[in-house]
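Let's look through a protein model together, one question at a time. Have the structure open while you read.

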Amino acid sequence: MTAKQPATLAVHVGNEPDPTTGAVAPPLHLSTTFRHGPAGERSAGYEYQREGNPTNDRLREALMALEGGKQAMTFASGMAAMTTLLECLPNGARVLFPDDCYTGLRMLFEEFLPERGIQATVVDMADLDAVRAACTTPLAMLWIETPSNPLMKVADIAALAEIGHRAGATVVVDNTFATPLLQRPLALGADIVMHSTTKYFGGHSDVLGGALVFAEDDALAHKVAHRLHVTGAVLAPFSAWLTLRGCRSLGARMAMHCANARKVADFLATHPAVERVNWPGLSIHPGHDIAARQMRDFGGMMSIQLRGGREAALAMAGKLHLFTNATSLGGCESLVEHRASVEGANPRSPQNLLRLSVGLEDGDDLIADLAQALS
Ligand SMILES: *Cc1c(COP(=O)(O)O)cnc(C)c1O
């Protein structure tokens, strides 16, 4: 394909008309098994669904084109992608994780990785000196999440990739919040991009999935693919098909998520009840300059902190109509969540914080809803 712009790639790659029927929408292949020859010869490249199927391959093609990678794997969920990758680390490896990150990742490195002697060091990825200091001993992996959940901290991917590589680490970026429409970590030096495709890729809050995209089709990519095919946390074909369908509108949706988020952030930033708006598009955000350099636009996720503390945050969440109280993000509908209430026994998020997934409703309607909830 000659087109290079991500919105065009999102519409076309993996969505080519079916060569046998001309069908413009991709066929959904549910077959678990594929005919082979008497000595196991694969006639069309497929054998058994766990090891690959044509619908999944279309999604893998789309992911590789969008992220600019040479290999990709799809998984049953974002957590399955993360877990399968981390299971490929040797016992006792050292890994750097971000201090602000997806709760599932924190649970992996606090509860599960220590069982294999994997040492997780937690650092503020926005503080390059702190990362350099933590990188001195041999390091297996540097994990970046930018913008991060839920504080929306911005990490400098190019600078961190350089620091991580000097320590011999594989550099991974969780690109779920930004999507490749806004940020392409492999072009900035990262080795692997991870996605929860449950979020913006699926885009309609109705399909769970995860992905890894590798800059190179290298030994680690082969190791992860082999582990996935044997251990089996694969994406179901129907889920791949729905995710591919989400891909087609990803460019248009991201543009509108970003435009709505700008309107919402500008409104909330000047509201007297709001202490702070964490959205990298605001010039007062500490990571704004880096975000402006490494992102095309600033995304639809933000968090806000209210002057009235926990009570004010819960009151606001209870009064919103267009923003539904629910976890997850990246769907058409706007969502709000008091993170501290859903983070278990030891919540990390500030008690006055609400996370917003700004959806595709009319921006002025969203502002009117926020205004009434704050009044
Ligand atoms: C949701 C999410 C995940 C986990 O993905 P699942 O599909 O829910 O397993 C990982 N990272 C980020 C940033 C997420 O938002």
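Q: Are F97 and F109 buried or exposed?
A: Keep in mind that this is a predicted model. Buried here means under 20% relative accessible area. For F97 and for F109 alike, the answer is buried.

Q: How are the rings of F97 and F109 arranged?
A: Their centres are 4.5 Å apart, and their planes make an angle of 15 degrees. Planes under 30 degrees apart count as stacked. So the name for the F97 and F109 pair is stacked.

Q: How many residues apart in sequence are the parts that F97 and F109 tie together?
A: F97 sits in strand β2, residues 94–98. F109 belongs to helix α4, residues 103–112. The pair therefore links parts of the chain whose separation in sequence is twelve residues.

Q: Which residue forms one aromatic cluster with F97 and F109?
A: We've already met F97 and F109 as a stacked pair. Their cluster also takes in W143.

Q: What kind of pair do the rings of W279 and F298 make?
A: The ring centres are 5.8 Å apart, with the planes at 70 degrees. Planes over 60 degrees apart count as edge-to-face. Both residues are buried, and their pair is edge-to-face.

Q: Where do W279 and F298 lie?
A: Helix α10 covers residues 288–294, and each of the two loops here borders it. W279 is in the loop between β8 and α10, while F298 is in the loop between α10 and β9.

Q: Which strands stand at the edges of the five-stranded open sheet?
A: Read the strands in order and you get β8-β9-β12-β11-β10, with mixed pairing. An edge strand has a single partner, so one of its sides is left without a neighbour in the sheet. That description fits β8 (274–278) and β10 (324–325).

Q: Which strands does helix α11 touch?
A: Helix α11 spans residues 309–319 and packs on the sheet. Its direction makes about 130 degrees with that of β9. The strands it touches are β9, β10 and β12.

Q: How many bridges join β9 and β12?
A: These strands pair in the antiparallel sense. One place to look is Q305, whose bridge partner in β12 is L353. The count for β9 and β12 is five bridges.

Q: How many bridges join β8 to β9?
A: These strands run antiparallel as well. For a spot to check, find V277, whose bridge partner in β9 is I304. Between β8 and β9 there are four bridges.

Q: Which residues of β9 are buried on each face?
A: In a regular strand, side chains alternate between the two faces of the sheet. In β9, six of its six residues are buried, and both faces are covered. One side has M301, S303 and Q305, and the other has M302, I304 and L306.

Q: Which residues have the most contacts inside the largest nonpolar core?
A: In soluble globular proteins, nonpolar side chains tend to be buried together. The largest such core here has 78 residues, and its largest share, seven residues, comes from helix α9 (residues 250–269). The residues with the most contacts inside this core are L268 and M302.

Q: Which residues does L268 touch, leaving out those up to four places away in sequence?
A: A touch here means heavy atoms within 4.5 Å. M302 from the last answer is one of the residues L268 touches. The full list is V274, V277, M302, I304, L356, L370 and L374.

Key:
Residues numbered from 1 in each chain as written. Predicted model: local features only at pLDDT ≥ 70, side-chain atom pairs only at ≥ 80, totals over all residues. Heavy atoms only, no water. Pairing = 2+ DSSP bridges. Axes fitted to C-alpha atoms, helices over the stretch in contact; angles between N-to-C directions. Buried < 20%, exposed > 50% of the residue type's maximum accessible area, 1.4 Å probe, protein only. Core = buried A, V, L, I, M, F, W, Y, C linked by side-chain atoms within 4.5 Å. Phe/Tyr/Trp six-rings, centres within 6.5 Å; stacked < 30°, edge-to-face > 60°.
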